[in-house]
Amino acid sequence: MIPQSTAQIEPLSLIKHIQHNDDWRTQLRKAYRSPAQLLAALDFDAQQILAMTAADQGFSTLVPHAFVQKMAKQDTNDPLLLQVLPQAAEAVAHPDFNTDPLQEASYNPQPGVVHKYKGRALLIAAGHCAINCRYCFRRHYPYNEQRRARSEWQQSLGYIESKPDIEEIILSGGDPLVLTDPQLFELISAIEAISHVKRLRIHSRLPIVLPARITHRFCERLASSRLDFVIVVHANHANELGDDVAQACSLLRQHCVQLLNQSVLLAQVNDSLAALKHLSERLFEIGILPYYLHLPDHVAGTTHFFVSLERGQALIAQMQATMSGYLVPKLAREEPGNSSKTVYASH
Ligand SMILES: *Cc1c(COP(=O)(O)O)cnc(C)c1O
Ligand code: SF4
């Protein structure tokens, strides 16, 4: 366990360590934006790069250095590299794989809000991410149409204000933590003003892929809020959880933020008992509880990541047989028309 008292960790030195030399926005600007750049950073030679680079099928390459630093050099099967490198297999078409498998387009009461389940509503807070994951179910999402001007925010918040049963708002995207602190703080203040909202949940991959985003200023704003905060991070493999990530998580926990993780079950990346067990154990070690393990959606361009429901259930059964219950995530899938995500028992 990471010690949680500030007496044991000196916050200023911690921040310096997290931020390296650049602040997070500079780090994001310097992220790798082509397969060739990414592969060169991993010491592949020109010929290998030529053989490995595939067209990106309309979903561009984007990978921050902090994530690439955790990959093995010259390893074409590195579980982190596989998540972000465009592969020729993305061009494989399959009749069961389409561009909006969750039919989210039909649950938008108005642009920017997805109110599908009772008690909570999802706000599309940002139109992009800090990393582009090749398996993403939103890789075909019309984000730009969902981009909100400030006046349009007021409309989304007005919708939430008119629904007193909404107790929790989920900021999603894209990735809400790509917003700057002033933008986020304005949004948090507007949400605090809606009296029936008790909790604010942030779905973000930035604490994992760009941990410098977790600044002291950000944490202090959350700690000073009347709302309870939950951050659901997204890590798929224990190798993603380096010391920089551990320190960002420790800072969040010192500011009373509850941390959960959702993963996607991905062929070659984490579809083994050893990989899933190691992931859960490392998450716990740095103060994050496993929440969901999502079965991959039928998204066009992602057939090479697919793992079947039966295989997922068998893996969960193996986890349950060998691990503490709270380290076993819920195996889930989103199915259009249900009142919650579907959770599958082990098999
Ligand atoms: C996943 C999801 C939620 C949150 O579901 P929980 O089971 O509470 O984590 C809410 N709204 C939408 C649209 C979702 O996809
Ligand atoms: S961070 Fe999340 S939303 Fe963004 S590309 Fe990756 S999986 Fe998709």
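**Ligand 2**

I began with the shell around ligand 2 in this predicted model, and sorted by class its residues come to 4 nonpolar, 1 polar and 1 charged. The residues that surround the ligand are Cys129, Ile131, Cys133, Cys136, Arg205 and His234.

**Aspartate 175, followed from the shell of ligand 2**

Since two members of that shell, Cys129 and Arg205, turn up again among the contacts of aspartate 175, I looked up this residue next. Aspartate 175 sits in the loop that runs between β3 (168-172) and α9 (181-192). I asked myself whether aspartate 175 is buried or exposed. Its relative accessibility is 4%, and because buried means under 20%, aspartate 175 counts as buried.

With neighbours within four places in sequence set aside, I listed the contacts of aspartate 175 as Ala126, His128, Cys129, His203, Ser204, Arg205 and Leu206. To one of these, Arg205, I could put a distance: a polar side-chain atom of aspartate 175 is 2.7 Å from the backbone nitrogen of arginine 205. For histidine 203, which is 28 residues away from aspartate 175 along the chain, I noted a C-alpha to C-alpha separation of 7.1 Å.

**Ligand 1**

I then turned to ligand 1, and wrote down the residues that surround it as Val114, Lys116, Tyr117, Arg120, Leu122, Ile170, Arg201, Tyr291, Tyr292, Glu334 and Lys341. By class I find 6 nonpolar and 5 charged residues in this shell, and no polar ones.

Which side chains bring a polar atom to an oxygen atom of ligand 1? I noted arginine 120 at 2.8 Å, glutamate 334 at 2.9 Å and tyrosine 292 at 2.6 Å. Ligand 1 taken alone would expose 390 Å², and the protein buries 93% of that area. When I asked which elements give two or more residues to the shell, I found β2 (120-124) and β7 (289-294).

**Arginine 201**

From the shell of ligand 1 I picked arginine 201, which belongs to strand β4 (residues 199-203). Its relative accessible area is 11%, so I entered arginine 201 as buried. I found its side chain in polar contact with two other side chains, that of glutamate 168 at 2.5 Å and that of histidine 203 at 3.2 Å.

Beyond four places in sequence, the contacts of arginine 201 are Arg120, Glu168, Ile169, Ile170, Leu171, Val230, Val232 and Tyr291. I marked Arg120, Ile170 and Tyr291 in that list, as these residues also belong to the shell around ligand 1. I also noted that histidine 203, the partner of arginine 201 in the polar contact at 3.2 Å, is among the contacts of aspartate 175.

**Cysteine 249**

I looked up cysteine 249 in helix α12 (residues 243-254), and its relative accessibility of 0% is why I count it as buried. Apart from residues up to four places away in sequence, cysteine 249 touches Leu259, Ile286 and Ile288. I also took the C-alpha separation from cysteine 249 to proline 211, which lies 38 residues away along the chain, and it comes to 8.5 Å.

**Threonine 302**

Threonine 302 I located in the loop between β7 and α14 (309-322). I entered threonine 302 as buried, because its relative accessible area is 3%. Its side chain reaches the backbone oxygen of valine 299 at 2.6 Å. I found that threonine 302 touches Phe97, Arg134, Tyr135, Arg139 and Asp297, with residues up to four places away in sequence left out.

**The chain as a whole, and how far to trust it**

I closed with the totals for the protein chain, which has 14 helices and 9 strands. Of its 347 residues, 56% are buried. The chain exposes about 15000 Å², of which carbon and sulfur atoms supply 51%. Among contacts with a separation of 6 or more, I noted that 82% are between residues 24 or more positions apart.

On confidence, I recorded a mean pLDDT of 90 for the chain, with 89% of the residues at 70 or more. Where does pLDDT stay under 50? I found this over residues 1-19, for which the model has 34 contacts beyond four places in sequence. Predicted coordinates should not be read in detail where pLDDT is low, and therefore I took no distances from low-pLDDT stretches of the model.

How values were computed: Residues numbered from 1 in each chain as written. Chains lettered and ligands numbered in written order. Predicted model: local features only at pLDDT ≥ 70, side-chain atom pairs only at ≥ 80, totals over all residues. Heavy atoms only, no water. Near = heavy atom within 4 Å. Polar contact = N/O pair within 3.5 Å; in protein donor to acceptor, adjacent residues only side chain to side chain. Areas by Shrake-Rupley, 256 points an atom, 1.4 Å probe, with all protein chains shown as cover. Helix = DSSP H or I, 4+ residues; strand = E, 2+ residues; numbered from the N terminus. Nonpolar A, V, L, I, M, F, W, Y, C, P; charged D, E, K, R; others polar. pLDDT = per-residue confidence, 0-100. Contact = heavy atoms within 4.5 Å. Buried < 20%, exposed > 50% of the residue type's maximum accessible area, 1.4 Å probe, protein only.
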